[in-house]
Amino acid sequence: MSRSTRPQSAREKPSSNLPARAQLVAQTRHLSALLTIAETTTQSLDTEKVLNDTLDKSLEILRFDAGFLRILEPGTSNLVVRAARGLNAPEYLSRVVSIDSERRNVATIIFETREPHISSDIRKDPVFKNRTMEQAGLISAVWVPVMSKNRVLGVMVIGSRKLHKFLKKEISLLKAFGSQLGMALEHAQLYDEVAKGKAYIEDLVENAGDAILSTNLEDRILTWNRGAEVIFGYSKDEAIGQSLAILLPPDRMRELEEVRNKVQLTGIIRNLEVRRKRKDGVMIDVALAVSPINDKVGNVSGFLHLARDITEKKRYEQRLRELDRMKSDFVSNVSHELRTPLTAIKGSADNMLDGITGPLNEKQTRYLTRMKSNADRLTRLINNVLDLSRIEAGKIDLKSAYLSLVTLAQEVAESIRPVATEKLISLEVASPDIGVTAWADRDKITQVLMNLVGNAVKFTPPHGKVTVAVNRNGDQWTQISVTDTGPGIAPEEAEKIFDRFYQIDQTGKQKARGTGLGLAISKVLVEMHGGKIWLESAIGGGSTFSFTVPAQQPLQIEMPAQ
């Protein structure tokens, strides 16, 4: 009896271990499959290779007939087939599926639920109304999301041409495959983006018109773009490895050390104009920008140099300066030549009006008065042109002294009062402190005031008012303002009012006489004193021109706030 039971016990023992052993084999097979897919997805950053290899391994491991991968195109809502096996219908593989489609399909289900869609019999699944899968020869299939960081990147479809009931372990394995593929796909896409960005930047640098090169701490050239080849004449092979000193004139060798020290001290140098030597020995002018190149821990490991050839620009600037000087000399000479006959004409007219040449009738007096007025106007124009030419040539010097601005403003007002009275304009000088003084050139400030007050009277309509105000602006500045009740100046006009030869457009009105130089000259004269001139105006609300001059002999004065 005991003997008969032992064989039975021996037979039962192995049979009782079969489920555990089968389970262990299955787990080992699943782990092996996951390892295989993990190796497949991590061995390459080539997106196409990763997709195709993953699909091949998935079909091989699960022993299925067919499958394909639909991946979301970046920046769109379209899923396109990127890899397929066992399916040959071109119209099916080329079809684009939109996840934004109003018609509910498997793709929209996957993107909404982030879970697999299992169909043991496609023929009975209501989701497949078009029967395209059935026409492709598949009967059973499962759709698994390709995911990374909870974001669906696409769909992996595994199918069979025979009726197949998918097991839970198969679905779990496919979900793991989808996650592995999603991570690999995201890494590959990121790599592609970085590679494209890197290639784009390298292409920009290589094809830039400026010279872009890098050096190490010893000024050895490490990189050399096409722009550098054109500007300096050395090819890339000739330049890389050489010292940057090959570009320096013999008398400027210390310049490299000075540039290095300045960059390490300030961080960057911009628009440094230097002389450089080409390969053929020709000297050129370049505008140089140099910035440090830092290593991973922030230490300076080299320098980036950006150089632009400005030789022609410098040559044109020099020629323009010569032409400008010639123009200024010509204007000055012509103006002086014109002043001599004008002075004679004006003097003769004055003598005749004074009765030196005998009595005049009313018509003669009217004609001579008109001649004198136009001679005065022409004299003022010539004086303005002469002032402008002297300013451009830098030939105007200030003869500053302490002067009473209130007294000066009153003198200017009195000289212009006849014109104001003729137009029935009230002209006043207002100051709470008559003792306000300034350190300035009397003649230049008189000229500025004559321009500002004269313009105010000119543009103010009859029965209007012009006020000259003198005030202190802090301890170091004195401010003079000329306010009128004229039509005002539009903002777009105000931006150009101090430009040379600019005159306000008075649509529908006769253009005011003048050269458009008065305010431009006034601005220069005020700025020569270290002051500032500005305008405050509104259409229909009049205008106020203000300027500042030093209240005392300046040593170091801060600019006044406007």
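**Calling things by their names: strands, salt bridges and burial**

Modeller: Let me open with a pairing in this predicted model: S537 stands opposite S543, a residue of β18.

Biologist: Nice place to begin! What makes you say that β17 and β18 pair?

Modeller: Two strands count as paired if at least two bridges are found between them. Strand β17 (residues 533-537) and strand β18 (residues 543-550) are joined by five bridges, so by that cut-off they pair. They run antiparallel. The hairpin they form has five residues between the strands, and G540 takes a positive phi near 80° there.

Biologist: On to charges. Why is the contact of E115 and K175 called a salt bridge?

Modeller: The criterion is a Lys or Arg side-chain nitrogen within 4 Å of a carboxyl oxygen of Asp or Glu. In this pair the closest N and O atoms are 3.5 Å apart, so the contact qualifies. E115 lies in the loop between α4 (106-113) and β4 (117-119), and K175 in helix α6 (residues 168-207), so the pair ties together parts that are 60 residues apart in sequence.

Biologist: How do you know that E428 and K465 form a salt bridge?

Modeller: Their closest N and O atoms are 3.8 Å apart, and the cut-off is within 4 Å, so this pair counts too. Because E428 belongs to strand β13 (residues 426-430) and K465 to strand β15 (residues 465-473), the bridge ties together parts that are 37 residues apart in sequence.

Biologist: What about D219 and R260: which of these two is buried, and why?

Modeller: First, their side chains meet in a salt bridge, at 2.1 Å from N to O. This pair links distant parts of the chain, 41 residues apart: D219 is in the loop between β7 (211-216) and β8 (221-224), R260 in helix α9 (residues 255-266). Buried means under 20% relative accessible area. D219 has 6%, so D219 is buried. R260 has 21%, so R260 counts as partly exposed.

Biologist: And how many salt bridges does a search of the whole structure find?

Modeller: The search finds 22. There is also a network of salt bridges linking K149, R151 and E186.

Biologist: Last one, on the nonpolar side. Why is M326 called partly exposed?

Modeller: Exposed begins over 50% and buried lies under 20%. M326, in helix α10 (residues 311-353), has 44% relative accessibility, so M326 falls in between. Together with L320 and L323, M326 makes a nonpolar surface patch of about 280 Å².

Terms used:
Residues are numbered from 1 along each chain as its sequence is written. This is a predicted model: local features need pLDDT of at least 70, side-chain atom pairs count only at pLDDT 80 or more; totals for chains, interfaces and linings use all residues. Side-chain values use heavy atoms; hydrogens and water are left out. Helices (H or I, at least four residues) and strands (E, at least two) are DSSP runs, numbered from the N terminus. Patches are made of residues with over 30% relative accessible area and no salt bridge: like charges are joined within 9 Å, nonpolar side chains (Val, Leu, Ile, Met, Phe, Trp, Tyr) within 5 Å. Accessible areas come from the Shrake-Rupley method with a 1.4 Å probe; for residues, only the protein chains shown count as cover. Buried means under 20% relative accessible area, exposed over 50%, partly exposed in between (1.4 Å probe, protein chains only).
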